[in-house]
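Me: I would like a close look at one part of this model, followed by its surroundings. Please keep it brisk.

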Amino acid sequence: MTKEELKKLVIDSPSKEFYKKVKENWDGIAKPLNGLGQFETMIAQIGAITETDKIDISKRAVIVMCADNGIVEEKISSFGYEMTAIIAEELARGTTSVSRMALRAGADVIPVNIGTHQEEEIKGLIQRKVAAGTKNFYLEPAMSEEEVLEAITVGVDMVKECKERGFSILATGELGMGNTTTSSAMAAALLGLGAEEVTGMGAGLSKEGLARKYEIIKGALEKYQLRKDEPLRILGSVGGLDLAGLAGVFIGGALYHIPVIIDGVISAAAALTAERLVPGVKEYMLPSHLSKEPAAKLLLAELGLSPVIDASLALGEGTGAVLLFPMLDTILSVYEGSSTFQDINYSL
Ligand SMILES: O=C(O)c1ccc[n+]([C@@H]2O[C@H](COP(=O)([O-])O)[C@@H](O)[C@H]2O)c1
Ligand SMILES: Cc1cc2nc[nH]c2cc1C
(Lines give C-alpha, C1' and ligand atoms only; values in the text may rest on other atoms or scores of the structure.)
(Ligands and ions follow the chains in the order given, each with its own letter.)
Protein backbone atom coordinates (compact mmCIF):
# COMPACT_ATOMS: atom_id res chain seq x y z
CA MET A 1 0.00 0.00 0.00
CA THR A 2 1.32 3.44 -0.87
CA LYS A 3 1.06 6.47 1.40
CA GLU A 4 -1.56 7.94 -0.95
CA GLU A 5 -3.63 4.72 -0.93
CA LEU A 6 -3.48 4.64 2.86
CA LYS A 7 -4.61 8.28 3.09
CA LYS A 8 -7.52 7.61 0.76
CA LEU A 9 -8.99 4.74 2.78
CA VAL A 10 -12.51 5.42 3.95
CA ILE A 11 -14.02 3.43 6.78
CA ASP A 12 -17.79 2.84 6.88
CA SER A 13 -19.38 2.98 10.31
CA PRO A 14 -20.56 -0.39 11.65
CA SER A 15 -24.32 -0.95 11.07
CA LYS A 16 -26.47 1.17 13.42
CA GLU A 17 -29.44 -1.01 12.50
CA PHE A 18 -27.88 -4.23 13.78
CA TYR A 19 -26.47 -2.47 16.85
CA LYS A 20 -30.01 -1.45 17.73
CA LYS A 21 -31.43 -4.91 16.95
CA VAL A 22 -28.91 -6.63 19.26
CA LYS A 23 -29.58 -4.12 22.04
CA GLU A 24 -33.34 -4.76 21.63
CA ASN A 25 -32.70 -8.51 21.95
CA TRP A 26 -30.72 -7.85 25.16
CA ASP A 27 -33.51 -5.65 26.50
CA GLY A 28 -36.03 -8.46 25.90
CA ILE A 29 -34.12 -10.90 28.11
CA ALA A 30 -35.55 -11.38 31.59
CA LYS A 31 -32.82 -9.63 33.57
CA PRO A 32 -32.18 -6.10 34.79
CA LEU A 33 -31.86 -3.67 31.87
CA ASN A 34 -28.17 -3.38 30.86
CA GLY A 35 -27.40 -5.89 33.63
CA LEU A 36 -24.44 -7.29 31.72
CA GLY A 37 -23.08 -3.78 31.28
CA GLN A 38 -20.27 -3.28 28.82
CA PHE A 39 -20.54 -6.88 27.64
CA GLU A 40 -23.98 -6.11 26.17
CA THR A 41 -22.61 -3.21 24.15
CA MET A 42 -19.62 -5.32 23.05
CA ILE A 43 -21.95 -7.98 21.65
CA ALA A 44 -24.02 -5.23 19.98
CA GLN A 45 -20.82 -3.81 18.48
CA ILE A 46 -19.89 -7.26 17.12
CA GLY A 47 -23.40 -7.52 15.61
CA ALA A 48 -23.01 -4.06 14.05
CA ILE A 49 -19.60 -4.94 12.57
CA THR A 50 -20.63 -8.35 11.23
CA GLU A 51 -24.11 -7.12 10.22
CA THR A 52 -26.23 -9.69 11.99
CA ASP A 53 -28.02 -10.13 15.30
CA LYS A 54 -27.17 -13.86 15.25
CA ILE A 55 -23.72 -13.47 16.74
CA ASP A 56 -21.21 -16.17 15.78
CA ILE A 57 -17.62 -15.79 17.00
CA SER A 58 -16.77 -19.47 16.90
CA LYS A 59 -14.07 -19.18 14.22
CA ARG A 60 -11.44 -17.10 15.95
CA ALA A 61 -7.71 -16.50 15.84
CA VAL A 62 -4.91 -14.51 17.41
CA ILE A 63 -2.41 -12.94 15.01
CA VAL A 64 1.02 -12.72 16.69
CA MET A 65 3.44 -10.34 14.98
CA CYS A 66 7.05 -11.26 15.78
CA ALA A 67 9.84 -8.73 15.25
CA ASP A 68 13.09 -7.44 16.68
CA ASN A 69 13.96 -3.92 17.71
CA GLY A 70 17.42 -2.40 17.22
CA ILE A 71 16.88 -0.34 20.36
CA VAL A 72 17.74 -3.43 22.48
CA GLU A 73 21.38 -2.48 21.75
CA GLU A 74 20.87 0.36 24.27
CA LYS A 75 20.19 -2.19 27.07
CA ILE A 76 16.63 -1.02 27.66
CA SER A 77 15.47 -4.62 27.97
CA SER A 78 16.70 -7.46 30.15
CA PHE A 79 16.63 -9.58 26.98
CA GLY A 80 18.04 -9.41 23.47
CA TYR A 81 17.44 -10.78 19.98
CA GLU A 82 18.12 -14.35 21.08
CA MET A 83 15.06 -14.39 23.37
CA THR A 84 12.73 -13.28 20.54
CA ALA A 85 14.00 -16.23 18.48
CA ILE A 86 13.67 -18.71 21.37
CA ILE A 87 10.09 -17.73 22.20
CA ALA A 88 9.16 -17.56 18.49
CA GLU A 89 10.24 -21.21 18.21
CA GLU A 90 8.13 -22.06 21.24
CA LEU A 91 5.24 -20.22 19.59
CA ALA A 92 5.67 -22.35 16.48
CA ARG A 93 5.71 -25.47 18.69
CA GLY A 94 2.56 -24.44 20.54
CA THR A 95 4.23 -24.24 23.95
CA THR A 96 4.10 -20.49 24.72
CA SER A 97 1.59 -18.88 27.07
CA VAL A 98 -0.62 -17.65 24.24
CA SER A 99 -0.52 -21.05 22.52
CA ARG A 100 -1.84 -22.74 25.66
CA MET A 101 -4.51 -20.10 26.26
CA ALA A 102 -5.64 -20.10 22.63
CA LEU A 103 -5.93 -23.89 22.67
CA ARG A 104 -8.25 -23.71 25.67
CA ALA A 105 -10.18 -20.76 24.17
CA GLY A 106 -10.70 -22.52 20.82
CA ALA A 107 -8.64 -19.98 18.89
CA ASP A 108 -6.11 -20.57 16.13
CA VAL A 109 -2.69 -18.99 16.59
CA ILE A 110 -1.36 -17.26 13.47
CA PRO A 111 2.31 -16.45 14.17
CA VAL A 112 3.83 -14.04 11.66
CA ASN A 113 7.53 -13.31 11.27
CA ILE A 114 7.38 -9.68 10.20
CA GLY A 115 10.99 -8.92 11.13
CA THR A 116 13.11 -10.98 13.47
CA HIS A 117 16.83 -10.29 13.63
CA GLN A 118 18.25 -13.67 12.64
CA GLU A 119 18.82 -14.41 8.97
CA GLU A 120 17.61 -18.02 9.27
CA GLU A 121 13.93 -18.70 8.85
CA ILE A 122 12.08 -19.67 12.03
CA LYS A 123 10.13 -22.76 11.02
CA GLY A 124 6.42 -22.77 11.78
CA LEU A 125 6.05 -19.00 11.48
CA ILE A 126 4.39 -17.38 8.46
CA GLN A 127 7.24 -15.60 6.65
CA ARG A 128 6.38 -11.95 5.96
CA LYS A 129 9.73 -10.45 6.89
CA VAL A 130 10.00 -6.78 5.94
CA ALA A 131 13.51 -6.40 7.42
CA ALA A 132 15.82 -8.26 9.81
CA GLY A 133 14.69 -6.12 12.75
CA THR A 134 14.66 -2.33 12.98
CA LYS A 135 17.56 0.10 13.42
CA ASN A 136 18.57 1.44 16.84
CA PHE A 137 16.28 4.51 17.04
CA TYR A 138 18.53 6.25 19.55
CA LEU A 139 21.03 6.63 16.69
CA GLU A 140 18.89 6.68 13.54
CA PRO A 141 15.22 6.22 12.54
CA ALA A 142 13.96 2.69 13.23
CA MET A 143 12.52 2.20 9.74
CA SER A 144 12.18 3.86 6.37
CA GLU A 145 8.71 5.02 5.28
CA GLU A 146 8.69 2.19 2.70
CA GLU A 147 9.30 -0.38 5.44
CA VAL A 148 6.52 1.10 7.59
CA LEU A 149 4.05 0.96 4.70
CA GLU A 150 5.12 -2.58 3.79
CA ALA A 151 4.61 -3.75 7.38
CA ILE A 152 1.18 -2.09 7.57
CA THR A 153 0.26 -3.86 4.32
CA VAL A 154 1.35 -7.23 5.79
CA GLY A 155 -1.16 -6.66 8.62
CA VAL A 156 -4.00 -5.64 6.30
CA ASP A 157 -3.31 -8.66 4.07
CA MET A 158 -3.30 -11.05 7.03
CA VAL A 159 -6.83 -9.90 7.90
CA LYS A 160 -7.92 -10.29 4.26
CA GLU A 161 -6.65 -13.89 4.35
CA CYS A 162 -8.45 -14.48 7.66
CA LYS A 163 -11.68 -13.14 6.14
CA GLU A 164 -11.29 -15.53 3.20
CA ARG A 165 -10.72 -18.41 5.64
CA GLY A 166 -13.95 -17.55 7.47
CA PHE A 167 -12.62 -16.06 10.72
CA SER A 168 -15.24 -13.87 12.37
CA ILE A 169 -13.17 -12.28 15.16
CA LEU A 170 -9.45 -11.67 15.66
CA ALA A 171 -7.20 -10.98 18.62
CA THR A 172 -3.88 -9.15 18.34
CA GLY A 173 -0.59 -10.27 19.81
CA GLU A 174 3.13 -9.64 19.40
CA LEU A 175 6.53 -10.87 20.42
CA GLY A 176 9.76 -8.89 20.34
CA MET A 177 12.29 -7.87 22.94
CA GLY A 178 12.46 -4.11 23.35
CA ASN A 179 8.92 -3.48 22.18
CA THR A 180 7.74 -1.87 25.41
CA THR A 181 10.37 0.80 24.68
CA THR A 182 9.11 1.36 21.12
CA SER A 183 5.51 1.39 22.39
CA SER A 184 6.29 3.82 25.20
CA ALA A 185 8.12 6.16 22.84
CA MET A 186 5.20 5.98 20.42
CA ALA A 187 2.69 6.61 23.22
CA ALA A 188 4.68 9.66 24.36
CA ALA A 189 4.72 11.03 20.80
CA LEU A 190 1.07 10.22 20.02
CA LEU A 191 -0.18 11.68 23.31
CA GLY A 192 2.31 14.52 23.71
CA LEU A 193 3.59 13.20 27.06
CA GLY A 194 6.99 12.84 28.70
CA ALA A 195 8.95 9.57 28.87
CA GLU A 196 8.42 9.05 32.61
CA GLU A 197 4.63 9.27 32.28
CA VAL A 198 4.41 6.38 29.82
CA THR A 199 7.32 4.07 30.56
CA GLY A 200 7.25 0.90 32.66
CA MET A 201 9.27 -2.20 33.48
CA GLY A 202 8.46 -4.18 30.35
CA ALA A 203 9.46 -7.83 30.72
CA GLY A 204 11.40 -6.91 33.89
CA LEU A 205 14.12 -4.33 34.50
CA SER A 206 16.42 -3.19 37.30
CA LYS A 207 16.08 0.33 38.73
CA GLU A 208 19.12 1.38 36.70
CA GLY A 209 17.64 -0.27 33.61
CA LEU A 210 14.42 1.72 34.00
CA ALA A 211 16.37 4.97 34.42
CA ARG A 212 18.24 4.18 31.19
CA LYS A 213 14.96 3.40 29.42
CA TYR A 214 13.65 6.87 30.41
CA GLU A 215 16.83 8.51 29.13
CA ILE A 216 16.77 6.68 25.80
CA ILE A 217 13.11 7.55 25.15
CA LYS A 218 13.64 11.15 26.25
CA GLY A 219 16.67 11.45 23.97
CA ALA A 220 14.76 10.07 20.98
CA LEU A 221 11.80 12.40 21.55
CA GLU A 222 14.20 15.37 21.56
CA LYS A 223 16.02 14.07 18.51
CA TYR A 224 12.99 13.50 16.26
CA GLN A 225 10.68 16.33 17.50
CA LEU A 226 7.60 14.27 16.62
CA ARG A 227 4.19 15.87 16.36
CA LYS A 228 1.05 14.06 17.52
CA ASP A 229 -0.51 14.26 14.07
CA GLU A 230 2.23 12.47 12.13
CA PRO A 231 1.59 8.79 12.90
CA LEU A 232 3.60 7.52 9.93
CA ARG A 233 6.70 9.48 10.96
CA ILE A 234 6.22 8.40 14.59
CA LEU A 235 6.12 4.75 13.51
CA GLY A 236 9.17 5.17 11.29
CA SER A 237 11.21 7.06 13.87
CA VAL A 238 10.60 5.14 17.10
CA GLY A 239 8.19 2.30 16.24
CA GLY A 240 8.67 -1.31 15.27
CA LEU A 241 7.72 -3.74 12.54
CA ASP A 242 5.37 -5.58 14.93
CA LEU A 243 3.63 -2.29 15.81
CA ALA A 244 3.25 -1.32 12.15
CA GLY A 245 1.98 -4.81 11.29
CA LEU A 246 -0.58 -4.65 14.10
CA ALA A 247 -1.70 -1.17 12.99
CA GLY A 248 -2.36 -2.89 9.64
CA VAL A 249 -4.38 -5.60 11.39
CA PHE A 250 -6.62 -2.96 13.00
CA ILE A 251 -7.07 -1.18 9.66
CA GLY A 252 -7.80 -4.55 8.02
CA GLY A 253 -10.45 -5.29 10.65
CA ALA A 254 -12.28 -2.11 9.68
CA LEU A 255 -11.89 -2.75 5.94
CA TYR A 256 -13.06 -6.37 6.11
CA HIS A 257 -15.63 -5.94 8.90
CA ILE A 258 -13.98 -8.17 11.48
CA PRO A 259 -13.86 -7.12 15.16
CA VAL A 260 -10.26 -6.95 16.38
CA ILE A 261 -9.39 -7.32 20.08
CA ILE A 262 -6.67 -5.09 21.54
CA ASP A 263 -4.14 -6.80 23.84
CA GLY A 264 -1.52 -5.01 25.96
CA VAL A 265 0.53 -1.85 25.62
CA ILE A 266 2.13 -2.68 22.27
CA SER A 267 -1.21 -3.58 20.73
CA ALA A 268 -2.81 -0.45 22.24
CA ALA A 269 -0.07 1.77 20.74
CA ALA A 270 -0.70 0.11 17.38
CA ALA A 271 -4.45 0.63 17.80
CA LEU A 272 -4.12 4.37 18.43
CA THR A 273 -1.67 4.65 15.52
CA ALA A 274 -4.20 2.91 13.25
CA GLU A 275 -6.96 5.29 14.33
CA ARG A 276 -4.69 8.30 13.70
CA LEU A 277 -3.74 6.90 10.27
CA VAL A 278 -7.30 6.02 9.23
CA PRO A 279 -9.98 7.71 11.35
CA GLY A 280 -12.96 5.49 12.14
CA VAL A 281 -10.97 2.28 12.58
CA LYS A 282 -11.53 2.37 16.36
CA GLU A 283 -15.18 1.45 15.92
CA TYR A 284 -13.98 -2.03 14.91
CA MET A 285 -11.79 -2.51 18.00
CA LEU A 286 -12.68 -4.30 21.22
CA PRO A 287 -10.66 -3.65 24.39
CA SER A 288 -9.71 -6.62 26.57
CA HIS A 289 -7.36 -5.95 29.50
CA LEU A 290 -5.44 -3.13 31.12
CA SER A 291 -1.73 -3.86 30.84
CA LYS A 292 0.48 -3.08 33.82
CA GLU A 293 2.51 -0.75 31.57
CA PRO A 294 1.53 2.88 32.39
CA ALA A 295 1.01 3.86 28.73
CA ALA A 296 -1.79 1.32 28.27
CA LYS A 297 -4.36 3.23 30.31
CA LEU A 298 -3.56 6.50 28.54
CA LEU A 299 -3.68 4.95 25.06
CA LEU A 300 -7.01 3.21 25.69
CA ALA A 301 -8.49 6.37 27.23
CA GLU A 302 -7.48 8.33 24.12
CA LEU A 303 -9.35 5.73 22.04
CA GLY A 304 -12.36 6.07 24.37
CA LEU A 305 -12.18 2.37 25.28
CA SER A 306 -12.37 0.82 28.73
CA PRO A 307 -10.89 -2.63 29.28
CA VAL A 308 -12.92 -5.30 31.07
CA ILE A 309 -10.01 -7.20 32.65
CA ASP A 310 -7.77 -5.46 35.19
CA ALA A 311 -5.31 -8.07 36.42
CA SER A 312 -1.87 -6.44 36.03
CA LEU A 313 -1.08 -8.60 32.99
CA ALA A 314 2.25 -7.77 31.35
CA LEU A 315 2.94 -10.74 29.13
CA GLY A 316 2.12 -9.80 25.56
CA GLU A 317 1.77 -12.45 22.82
CA GLY A 318 -1.98 -11.68 22.74
CA THR A 319 -2.61 -13.43 26.07
CA GLY A 320 -4.97 -10.78 27.51
CA ALA A 321 -6.88 -10.49 24.24
CA VAL A 322 -7.39 -14.27 24.06
CA LEU A 323 -8.73 -14.17 27.62
CA LEU A 324 -11.69 -12.18 26.29
CA PHE A 325 -12.90 -15.12 24.15
CA PRO A 326 -14.21 -17.33 26.99
CA MET A 327 -15.78 -14.26 28.58
CA LEU A 328 -17.64 -13.45 25.36
CA ASP A 329 -18.69 -17.11 25.05
CA THR A 330 -20.18 -17.01 28.54
CA ILE A 331 -22.02 -13.78 27.80
CA LEU A 332 -23.30 -15.19 24.49
CA SER A 333 -24.80 -18.17 26.28
CA VAL A 334 -27.10 -15.66 28.01
CA TYR A 335 -27.84 -13.78 24.77
CA GLU A 336 -28.72 -17.00 22.94
CA GLY A 337 -30.60 -19.01 25.51
CA SER A 338 -32.06 -16.95 28.36
CA SER A 339 -35.78 -16.62 28.96
CA THR A 340 -37.25 -13.40 27.67
CA PHE A 341 -39.83 -11.23 29.46
CA GLN A 342 -42.28 -12.62 26.90
CA ASP A 343 -41.39 -16.22 27.90
CA ILE A 344 -42.21 -15.44 31.53
CA ASN A 345 -45.41 -13.64 30.50
CA TYR A 346 -44.30 -10.34 31.95
CA SER A 347 -44.90 -7.13 30.11
CA LEU A 348 -42.57 -4.23 30.93
O1 LIG B 1 1.63 -6.43 26.23
C2 LIG B 1 2.12 -5.87 27.22
O3 LIG B 1 1.53 -4.99 27.83
C4 LIG B 1 3.53 -6.30 27.64
C5 LIG B 1 4.08 -5.79 28.80
C6 LIG B 1 5.34 -6.22 29.18
C7 LIG B 1 6.05 -7.12 28.38
N8 LIG B 1 5.51 -7.59 27.21
C9 LIG B 1 6.26 -8.58 26.37
O10 LIG B 1 7.64 -8.55 26.73
C11 LIG B 1 8.47 -8.25 25.62
C12 LIG B 1 8.95 -6.83 25.70
O13 LIG B 1 9.53 -6.52 26.91
P14 LIG B 1 10.83 -5.57 26.94
O15 LIG B 1 11.15 -5.40 28.37
O16 LIG B 1 11.88 -6.30 26.17
O17 LIG B 1 10.40 -4.31 26.26
C18 LIG B 1 7.63 -8.45 24.37
O19 LIG B 1 7.88 -9.71 23.80
C20 LIG B 1 6.20 -8.31 24.86
O21 LIG B 1 5.36 -9.26 24.25
C22 LIG B 1 4.27 -7.20 26.86
C1 LIG C 1 10.44 -15.45 28.43
C2 LIG C 1 9.67 -14.35 27.70
C3 LIG C 1 8.47 -14.67 27.04
C4 LIG C 1 7.77 -13.65 26.36
N5 LIG C 1 6.62 -13.63 25.68
C6 LIG C 1 6.39 -12.40 25.25
N7 LIG C 1 7.38 -11.63 25.65
C8 LIG C 1 8.26 -12.36 26.35
C9 LIG C 1 9.44 -12.03 27.00
C10 LIG C 1 10.14 -13.01 27.68
C11 LIG C 1 11.39 -12.66 28.41
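Which residues surround ligand 2? Start there, then move outward.

Reply: A caution to begin with: this is a predicted model.

Ligand 2 sits among Phe-79, Met-83, Ile-87, Leu-175, Ala-203, Leu-315, Gly-316 and Glu-317. By class, six of these shell residues are nonpolar, one is polar and one is charged. Glycine is counted as polar here, so Gly-316 is the polar member of the shell around ligand 2. Glu-317 is the charged one.

Now ligand 1. There are 22 residues around it, and those that come nearest are Ser-77, Gly-202, Gly-264, Ser-291 and Gly-316. Three elements give two or more residues to this shell: strand 4 (169–175), helix 7 (179–191) and helix 12 (265–277). Helix 7 gives the most, with three residues. The class split for ligand 1 is eight nonpolar, 10 polar and four charged. Gly-316 appears in the shell of ligand 2 and among the nearest residues to ligand 1.

Strand 4 leads on to the sheet. The sheet is open, has six strands and runs in the order 3-2-1-4-5-6, with parallel pairing. Its edges are strand 3 (126–127) and strand 6 (285–286), each of which pairs on one side only. Take strand 2 (residues 107–115) next. With strand 3 it makes a parallel pair over two bridges. There, Asn-113 is opposite Gln-127 of strand 3. With strand 1 (residues 60–67), strand 2 also pairs in the parallel sense, over eight bridges. In that pairing, Ala-67 has Gly-115 of strand 2 as its bridge partner. Strand 2 is largely enclosed by the rest of the structure, because eight of its nine residues are buried. As a rule, side chains in a regular strand alternate between the two faces of the sheet.

Helix 7 leads on to helix 9. Helix 7 is part of what covers the buried residues of helix 9, and so are helix 8 (195–198) and helix 10 (231–238). Helix 9 covers residues 207–224, 18 in number. At 1.5 Å a residue it should span 26 Å, and its end C-alpha atoms are 26 Å apart, which agrees. Its buried residues include Lys-213, Ile-216, Ile-217 and Ala-220. Viewed down the helix axis, the buried residues of helix 9 fall within an arc of 95°, so they line one face. The general pattern fits: an α-helix has 3.6 residues a turn, so residues three or four places apart point the same way. Turned away from the buried side of helix 9 is a face with the exposed residues Lys-207, Glu-208, Ala-211 and Glu-222. Just after helix 9 comes Gln-225, with a positive phi of about 45°.

Last, helix 12, which also contributes to the shell around ligand 1. The loop between helix 12 and strand 6 holds Val-278. Val-278 counts as buried because 22 other C-beta atoms lie within 10 Å, and the cut-off is 20 or more. Setting aside neighbours within four places in sequence, Val-278 is in contact with Leu-9, Ile-11, Ile-251 and Ala-254. Val-278 and Arg-212 are 66 residues apart along the chain, and 34 Å separates their C-alpha atoms.

Notes:
Residues numbered from 1 in each chain as written. Chains lettered and ligands numbered in written order. Predicted model: local features only at pLDDT ≥ 70, side-chain atom pairs only at ≥ 80, totals over all residues. Near = placed C-beta within 6 Å. Helix = DSSP H or I, 4+ residues; strand = E, 2+ residues; numbered from the N terminus. Expected span 1.5 Å × (residues − 1). Buried ≥ 20, exposed ≤ 12 C-beta atoms within 10 Å, placed from the backbone. Arc of directions from axis to C-beta. Contact = placed C-beta atoms within 7 Å. Pairing = 2+ DSSP bridges.
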